[in-house]
Amino acid sequence: MITIFAPTGIEEVSPGTDLAPALLAAIDTDPAGPLRDGDMLVVTSKSISEAERRIEPASRRAELITSARTRTIPRRGETRIVPPRTGFTIAAAGIDNSNLAAESILLLPHDPDASAALLRNRLASETGLQLGVIISDTAGRPWRLGQTDHAIGISGVRAVDDYVGLRDAYGNELHVSAAAVADELAAAADLAKGKLHRRPVAVVRGLGHLLTGTTSAARELLRNPADDMFGYGSQEAVLAAALAAMGQQHRFEELVALDGGERTSQLLAGANLGREATDLLRAIMSVDLLTDGPQQVEIEDRKSTRLNSSHPVLS
C-alpha cells in the first residue's frame, strides 16, 4: 500500500535552518511517524532555498532572472520562460515571491541535486535508515492548463523507470516507454502538502523499490537539446531561424528582449538583404501564430515573393 503524509510543525524555515533535525522532529510527532526504512521525503524547493539563504530583494527580480538564465525560450511581455543554469525549463528561472514578504524574492537552490544529497546523508546518519530525498518545485506544462510539482533535485531515488526492452501483456516490445517516477512522486506528494497549508515536506511510503544505492540526479530527467522539439516559443522559433539563416545566432537574446515592431526593425537593421527578401522577412516576423493571421501585414499578398537570390543563405 502507498501512503503519503505531510506532517505539521515546520511552518516557517528561517535562513540557516538546519533542516534535517527540523524535518525529523515534525515527522516523529505525526501519527504516521517516525520514518521507516524505504521512505522518501519530498521537500519543497522553497524550504531548501530559505535554509540556504537564497533570499534577495524583490527590486532585483528582472536582473536576477537575466543573470540566472541560459537562454530565453519564449517571452510575452514581462513573462519569460527561461532555463536557469540547473537546466530545468521554468518561468522566470524559478525565481518566486509566493509565501514570502512582498519585498523579497527567492531563488532556486544553487545545486538542487547536491542539496538533496546533503539532506539525505544527514537524515540517513541520524536514523540509520535507507531513505530517498526529492526536492520539488512547481511548473506549468506545454499544452495543458494548471501547474504541477516536479523534481528538480533527487538523491537515492530513481529519476526514470525505464521499460525499454520489456514486453507488455500482449507481447509487444516497448521501445520508448520510460516513467518519470521522480516527477510522479513530486506531484503525488504535493497533493498531501497542499499549496496553502504550510507543510513543506511529505513522506511517501510503500515504494521502497524505487530507491537506489547508486548516484541519482534530477539532471537525468532533462531532454537532450538535440531531441527537443519544443525548444522555442512560436514567435521565438521564427526569430531563431531567421538569425541562423543570416549567421547571426549571437543576437537572439538581444532581439528577443524587444517587442514585435522594434524586434523586427532591429533584426532587419542587422541584415544585408535585398528588397524582396527584406519584405518577406518583415512579413514573416509580423505573423502571430496564435491568431488567424498576421498582426501587421497581409502575408497572403506576399506568398509569391521570392527571396533575393543574391543573398547566399536566404536564396
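This report walks through strands, buried residues, a surface patch and salt bridges in a predicted model.

## Strand 8 and its partners

Start with strand 8, residues 132–141. Seven of its ten residues are buried, so strand 8 is largely enclosed by the rest of the structure.

Strand 8 pairs with strand 2, which covers residues 40–44. These two strands run parallel and are joined by five bridges. One pair to look for is valine 43, whose bridge partner in strand 8 is isoleucine 135.

Strand 8 also pairs with strand 9, residues 144–155. Here the sense is antiparallel, and there are nine bridges. Isoleucine 134 has isoleucine 154 of strand 9 as its bridge partner. Strands 8 and 9 form a hairpin with two residues between the strands. In that hairpin, tryptophan 143 takes a positive phi near 75°.

## Two buried residues

Histidine 150 lies in strand 9. Its relative accessible area is 14%. Buried means under 20%, so histidine 150 is buried. Which residues does histidine 150 touch, not counting those up to four places away in sequence? They are Ile135, Ser136, Asp137, Ala139, Asp183 and Ala186.

Serine 115 sits in helix 4, residues 112–127. Serine 115 also counts as buried, at 10% relative accessibility. Leave aside its neighbours within four places in sequence, and serine 115 is in contact with Ile48, Glu52, Pro109 and Ile135. Ile135 therefore appears in the contacts of serine 115 and in those of histidine 150.

## An open sheet of three strands

Strands 4, 5 and 6 form an open sheet, in the order 4-5-6. The pairing is antiparallel. Strand 4 (75–76) and strand 6 (90–91) are the edge strands, and each pairs on one side only.

Strand 5 covers residues 79–82. Two bridges join strand 5 to strand 6. Isoleucine 81 stands opposite alanine 91 in strand 6.

## A nonpolar patch on the surface

Now turn to the surface. Trp143, Met229 and Phe230 make a nonpolar patch of about 480 Å². Trp143 is the hairpin residue with the positive phi.

Phenylalanine 230 is found in the loop between strand 12 (201–205) and helix 6 (234–245). Is phenylalanine 230 buried or partly exposed? It is partly exposed, with a relative accessible area of 43%.

## Salt bridges

Side chains of opposite charge can pair when their charged atoms come close. The count here comes to twelve salt bridges.

Lysine 46 and glutamate 50 form one of them, at 2.7 Å from N to O. Both residues belong to helix 2, residues 45–51. They are four residues apart, so about one helical turn separates them. Glutamate 50 is buried, with a relative accessible area of 4%.

Arginine 60 and glutamate 63 also meet in a salt bridge, at 2.7 Å from N to O. Arginine 60 is partly exposed, with a relative accessible area of 27%. Glutamate 63 counts as partly exposed too, at 44%.

Glutamate 254 and arginine 251 meet at 3.8 Å, N to O. Arginine 251 is buried, at 10% relative accessible area, whereas glutamate 254 is partly exposed at 44%. Salt bridges can also share partners: in this way Glu56, Arg60 and Glu63 are joined into one network.

How values were computed
Residues are numbered from 1 along each chain as its sequence is written. This is a predicted model: local features need pLDDT of at least 70, side-chain atom pairs count only at pLDDT 80 or more; totals for chains, interfaces and linings use all residues. Side-chain values use heavy atoms; hydrogens and water are left out. Patches are made of residues with over 30% relative accessible area and no salt bridge: like charges are joined within 9 Å, nonpolar side chains (Val, Leu, Ile, Met, Phe, Trp, Tyr) within 5 Å. Accessible areas come from the Shrake-Rupley method with a 1.4 Å probe; for residues, only the protein chains shown count as cover. A salt bridge is a side-chain nitrogen of Lys or Arg within 4 Å of a carboxyl oxygen of Asp or Glu. Buried means under 20% relative accessible area, exposed over 50%, partly exposed in between (1.4 Å probe, protein chains only). Two strands pair if DSSP finds at least two bridges between them. Contact means heavy atoms within 4.5 Å.
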